[in-house]
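These are my notebook entries on a structure that I am opening for the first time. I set down what I looked up, entry by entry.

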Amino acid sequence: MSLTSLAPFRGIFIIKQTLLGFIMTVTLPLSVAMAAAPVSVDMIVHGRYVVTMDKTRPVIDNGAVAVRDGVIVAVDTAEKITAAYSAETYVAGDDRILMPGLVNGHTHTAMVLFRGMADDLALMPWLQNYIFPMEGEFVDPDFIETGMQLACMEMIKGGTTSFVDMYFYPDRGADVIEKCGLRAVMAAPSIDFPSPGFTGWDDSFAAAVKFVKERKSKSGRVIPAFAPHAPYTVSAEHLAEVAKVAKELDVPISFHLAEDRAELTQIKERYGSSPVLHVANQGMLDSKLIAAHVVHPTDEEIKLLADHKVGVIHNPTSNLKTAAGVAPIPQMVEAGVVLGLGTDGAASNNDLNMWEEIRLAALLHKGVQYDATLMPAEVVLDMATRGGAEAAQLGDLVGDLVVGKRADMIQVDITGAHMTPLYNVISHLVYAVNSNDVVTTIVDGHVLMQDRVLKTLDGEKVRAKANAIAAKITEALKKKAAAE
C-alpha cells in the first residue's frame, strides 16, 4: 500500500490523538482534584497563635485545629488545615490565642453559694464553726444544682473546661455537668461523721460505691470517683477500704492531704506518723490518687509521691487565705511529681478563676525562695493544662492540642492594652491574661461560649436562684451571730 493510500488512516489517527489529548487535559486535573479533595470535618478553629502544649511543637503561628466527632484530627498552620479539610463550622482566630482548656484539679463547685460567707479565719475554725454547720443546714440536691450551675457559668467564662469536684449529691452535680457541657471527675464524698444526707461513714461510703459503680455518663464527660475527705476526718481502716475498692474498680480518688499544720499535729497524735506516710500505709498511694494541697511533705515524702505518680494539686490562693502555708512546689517539680493547679472551693478562695492560680503559682515561689528562676512560665502553664490533666487522671483525654485528644480548647483575646505588645505568648498567658480575656470555650467539639456569650446556661435565671438561697443563708448567719 502506498503512502498516498495511507493518508485517510493517518488523518483518523491524528484526530484520535487530538481527542485523547483533549480528554487527558480535562480528566487529569479532575483526577488530581478528586485525590486532593478536602476531608470533611465538623469544626475548624483558628488562632493567631496556637499554643498546643505539645513539647514537639509548642506554638504555631497562624494555626488551626480540625475537629470531628469531638476529637482533634489535625493541628497545623491554618493554610495547611484549610487546604486539607472543609468544615461545617469555622471559628475565626484573628487576634486570638487558641490553646487547651484549663484543668481545675481541685474544687468544691457548689460551694460558690458560700462565697464570702466566712473569711479571714484559720482552716479548722473555718471548717468546724461555719462550713460544716452551714452545709448541714442548707446543702440538699437543689442547693447542689443551683451551685453547680453558677460554678459552671464562672468556669466556662474563665476558660476552665475540666475540673475535679468533691462535694455532696454527686448524681445531681453530674446531671448539671451533662447539661452545661463541661468535663469533670465527680468524686463522691465520704466522711466519718454526719454530713448532708448521711449519718456517718457506712451510709456515705455505700452511696459513694453505688455512684461509682452505677453512674453512666451519656456524654463520656463525667468520670465517677471516690472522695474520702481527709486523713483527719476518715479513719485509717476506712482509708484502706477506699483504697482497696478504688483499685478494684480502677477509678480515681480525690483527697485532701497534708494541707495544714493542725492536720500534721492530729495525725502525729493519733497515728505517730505524718499524713503522707500514714495514708501510704493504708494503700492510698497505690491508687489513682489526686492529692489536693500537699503543703507539708518531707523530702522523703516528695520522692514517694513522685515514685507512685500521685497527682498533686497546688492550690496557692486557698492555702494562703487559710494560712495553711506554701507548698514546696519547686522541689516537687525537681523530683518529677505530677503537678496540677486548683482553685479549691469558692468559700476559701473566693472564686474559680484559674488564671489567678496560674499567675500566683509562678510568682509565689520566686518570692518565698528568693530565686527568680523558679517556676518559669512554661512549667506553670503546663500545670494548668497538660500536666494538670495528667494529675487529674484525665491525661489520656485532654490537656494538649494533639491528634487523638478530645477537642477541649479555648480562645484568648490579645487585643487588650494589657496584652500589648506581645513578645512571648507563653509569658503573657501566665503573667498578663485575666479571665475576661477568654472569648471562646469549646468542650468535646461543642461551643459552650462564643464571643463571651454563654450557649448552655441562662445566667439571669441561675443568679436569681443563687441569690434566693443566699438570702436564707444570710438569715442563718444573723441568728448565729446573735446567739454568740
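What volume does the second largest cavity have? I read a volume of about 50 Å³ for the largest cavity, and about 30 Å³ for the second largest. I note at the outset that this is a predicted model.

Entry on the second largest cavity. I looked up its lining and found Thr109, Ala110, Ile144, Met148, Asp165, Tyr167, Phe168, Tyr169, Pro170, Gly173 and Met186. The elements that give two or more residues to this lining are α4 (141–158) and α5 (170–180). By class, I recorded eight nonpolar residues, two polar and one charged.

Entry on the largest cavity. A search of the whole structure returned two cavities of 30 Å³ or more, and I turned next to the largest. Its lining consists of Ala118, Asp119, Asp120, Leu121, Trp126, Lys321, Thr322, Ala347 and Ser348. I recorded four nonpolar, two polar and three charged residues for this lining.

Entry on aromatic pairs. How many aromatic pairs does the structure hold? I recorded a count of five. One of them joins Tyr167 and Phe168, with 4.9 Å from centre to centre and 55° between the planes, and this pair is tilted. Both residues also appear in the lining of the second largest cavity. Are they buried or exposed? Tyr167 has a relative accessible area of 4% and is therefore buried, the cut-off being under 20%. Phe168, at 12% relative accessibility, counts as buried by that cut-off.

I then looked up the pair of Trp201 and Phe205. Their ring centres lie 4.9 Å apart with 15° between the planes, and the pair is stacked. Where do the two residues lie? I found both in helix α6 (residues 201–214), four residues apart, which is about one turn of the helix. In general, an α-helix has 3.6 residues a turn, so residues three or four places apart point the same way. Trp201 is buried at 5% relative accessibility, and Phe205 is buried with a relative accessible area of 6%. Together with Phe226, Trp201 and Phe205 make up one aromatic cluster.

Entry on charges over rings. Which ring lies under the charged end of Arg48? I found the ring of Tyr49, with the charged end of Arg48 at 4.3 Å from its centre. I also noted Lys480, whose charged end sits over the ring of Tyr130, 4.8 Å from the centre of that ring.

Entry on strand β6. Why is strand β6 (residues 102–107) described as largely enclosed by the rest of the structure? Six of its six residues are buried, so the description follows. I next looked up its partner and found strand β7 (residues 160–166), joined to β6 by four bridges. The two strands run parallel. Within this pairing, I noted that Val103 stands opposite Ser162 in β7.

Entry on helix α14. I examined helix α14 (residues 377–384) for burial and found six of its eight residues buried, so this helix is largely enclosed by the rest of the structure. Which residues of α14 are buried? I listed Ala377, Val380, Leu381, Asp382, Met383 and Ala384. Asp382, a charged residue by class, is thus one of the buried residues of α14.

Terms used:
Residues numbered from 1 in each chain as written. Predicted model: local features only at pLDDT ≥ 70, side-chain atom pairs only at ≥ 80, totals over all residues. Heavy atoms only, no water. Buried < 20%, exposed > 50% of the residue type's maximum accessible area, 1.4 Å probe, protein only. Pairing = 2+ DSSP bridges. Phe/Tyr/Trp six-rings, centres within 6.5 Å; stacked < 30°, edge-to-face > 60°. Lys NZ or Arg CZ within 6 Å of the ring centre and 35° of its normal. 1 Å grid on protein atoms, 1.4 Å probe; cavity = no way out; pocket = protein on both sides within 12 Å on 5 of 7 lines; lining within 4 Å. Points joined across faces, edges and corners; volume = space filled by probe spheres on them.
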